[in-house]
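The following exercises concern a predicted model. Each one sets a task and then works through the solution in steps. Please examine the sequence and the structure before reading on.

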Amino acid sequence: MKFSFLSLFPQLIAPYFTDSILKRACEKGTIEFECINLRDFTSPPHFKADFAPISGGAGQVLHLEMLALALQNFRDSHIIFLSPCGKPFNQNDSLRLSKKGHISFVCGRYEGFDERAIELFADEVFSIGDFILTGGELGALSLADSIARQVEGVLGNKDSLKGESFESYLLEAPNFAKSSPKVEKILQDSQKLQVPSEYSKGNRSRIADLKTNLATAKTKYFRPDLYITLKVQSTAYKPKSAQE
């Protein structure tokens, strides 16, 4: 899997790949990345990347000519623009995109892109939420991280991908680390924070059932929107006799 990041500030991108899991994946050759400076596709003497909007008003817009010159080199990749107008990115998108061989992220700045660049070059447009950032770099890194961990060989233990949040519209069940005397001391006066005893009894079937119930309760409390979707989907896929 190869990731290309097209940005006016590529120095913001590279450090994210110099530590932890993604660093090891790069060293193994499981993933690779490159940072492209969009300003390299501007013209002297000023190398101007942004221009005032035709409609007037505050802010500057990334120029179509610069974007076109840059993106013509990436037509063989899957080109993603990061923009507030995009579809909210989710776990299913992550799984789907992890099958691609090469993804290029176009990171916006200022008032965004000349809209015609999106129409000409975008394979998909994504948003990471209903809020505004100063640039698309953080959004692109968020998507790249989520996609990369789905690529085989990136995570040390492939079982880490099982039972994660958003599978089947559920948040992941609560997790607890193994205890220690210091932890026991911290919790000695708080019976409400004891780990469910079933977790330590070794019965995998009962633990799985408990985790499903806890995941459902957690989703209902923290993400009622997901819980509603879960209930709708559960009803939709029940045999008719089970619904009656």
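**Exercise 1. Disulfides**

Determine how many disulfides the whole structure holds, and examine C35 and C107 in this respect.

Solution.
Step 1. A search through the whole structure returns zero disulfides.
Step 2. For C35, the nearest cysteine sulfur belongs to C107 and is 8.9 Å away, and C35 is in no disulfide.
Step 3. A disulfide requires two cysteine sulfur atoms within 2.5 Å. The 8.9 Å between the sulfur of C107 and that of C35, its closest cysteine sulfur, is therefore too far for a bond.
Step 4. The surroundings of each cysteine can be classified as well. C35 counts as partly exposed because its relative accessibility is 27%. C107 has a relative accessible area of 0%, so it is buried.

**Exercise 2. The pairing of strands**

Describe how strand β1 pairs with β2 and with β6, and state the handedness of the crossover from β1 to β2.

Solution.
Step 1. Six bridges link β1 (residues 2–7) with β2 (residues 32–37), and the two strands pair in the parallel sense. One bridge partner is easily located: F3 has F33 as its partner in β2.
Step 2. Between these strands the chain passes through helix α1 (residues 20–28), which makes a β-α-β crossover that is right-handed.
Step 3. β1 is also joined to β6 by five bridges, again in a parallel arrangement. Here F5 is opposite F105 of β6.
Step 4. β6 pairs in addition with β5 (residues 78–88), in the parallel sense and over four bridges. The bridge partner of I80 in β6 is F105.

**Exercise 3. The surroundings of β6**

Decide whether strand β6 is enclosed or open, and say which residues lie on each of its faces.

Solution.
Step 1. A general rule is needed to begin with: side chains in a regular strand alternate between the two faces of the sheet.
Step 2. In β6, H102, S104 and V106 lie on one side, while I103 and F105 lie on the other.
Step 3. The residues on both sides are all buried, and both faces are thus covered.
Step 4. Since five of the five residues of β6 (residues 102–106) are buried, the strand is largely enclosed by the rest of the structure.

**Exercise 4. Helix α5**

Compare the span of helix α5 with the expected value, and identify what covers its buried residues.

Solution.
Step 1. The expected span is 1.5 Å times one less than the number of residues. For the 12 residues of α5 this gives 16 Å, and the end C-alpha atoms are 16 Å apart, so the two values agree.
Step 2. Nine of the 12 residues of α5 are buried, and the helix is mostly covered. Among the buried residues are E137, L141, L143 and I147.
Step 3. The elements covering these buried residues include β1, α1, β5, α3 (91–97), β6 and β7 (124–127).

**Exercise 5. The nonpolar cores**

State how many residues the largest nonpolar core has, and which element gives the most to it.

Solution.
Step 1. The largest nonpolar core has 24 residues, and F3, F5, I31, F105 and I147 have the most contacts inside it.
Step 2. Two or more residues of this core come from each of β1, α1, β5, β6 and α5. The element that gives the most is α5, with six residues.
Step 3. I31 illustrates the contacts of a core residue. Leaving aside neighbours within four places in sequence, I31 is in contact with residues that include M1, F3, L22, A148 and V154.
Step 4. Another core, of 20 residues, lies apart from the largest one; L38, F74, F113 and F121 are among its members.

**Exercise 6. Two single residues**

Find where S20 and E152 are located, and classify each as buried, partly exposed or exposed.

Solution.
Step 1. S20 belongs to helix α1. Its relative accessibility is 46%, and S20 therefore counts as partly exposed.
Step 2. Most residues other than glycine have a negative phi. The phi of S20, by contrast, is positive, near 60°.
Step 3. E152 is in the loop between α5 (137–148) and α6 (181–187). With 76% relative accessibility, E152 counts as exposed.
Step 4. E152 and M1 are 151 residues apart in sequence, yet their C-alpha atoms are 9.8 Å apart in space.

Methods: Residues are numbered from 1 along each chain as its sequence is written. This is a predicted model: local features need pLDDT of at least 70, side-chain atom pairs count only at pLDDT 80 or more; totals for chains, interfaces and linings use all residues. Side-chain values use heavy atoms; hydrogens and water are left out. Two strands pair if DSSP finds at least two bridges between them. A crossover is right-handed if, with the strands pointing away from the viewer, the path from the first strand over the helix to the second runs clockwise. Buried means under 20% relative accessible area, exposed over 50%, partly exposed in between (1.4 Å probe, protein chains only). Contact means heavy atoms within 4.5 Å. A nonpolar core is a set of buried Ala, Val, Leu, Ile, Met, Phe, Trp, Tyr and Cys residues joined through side-chain atoms within 4.5 Å.
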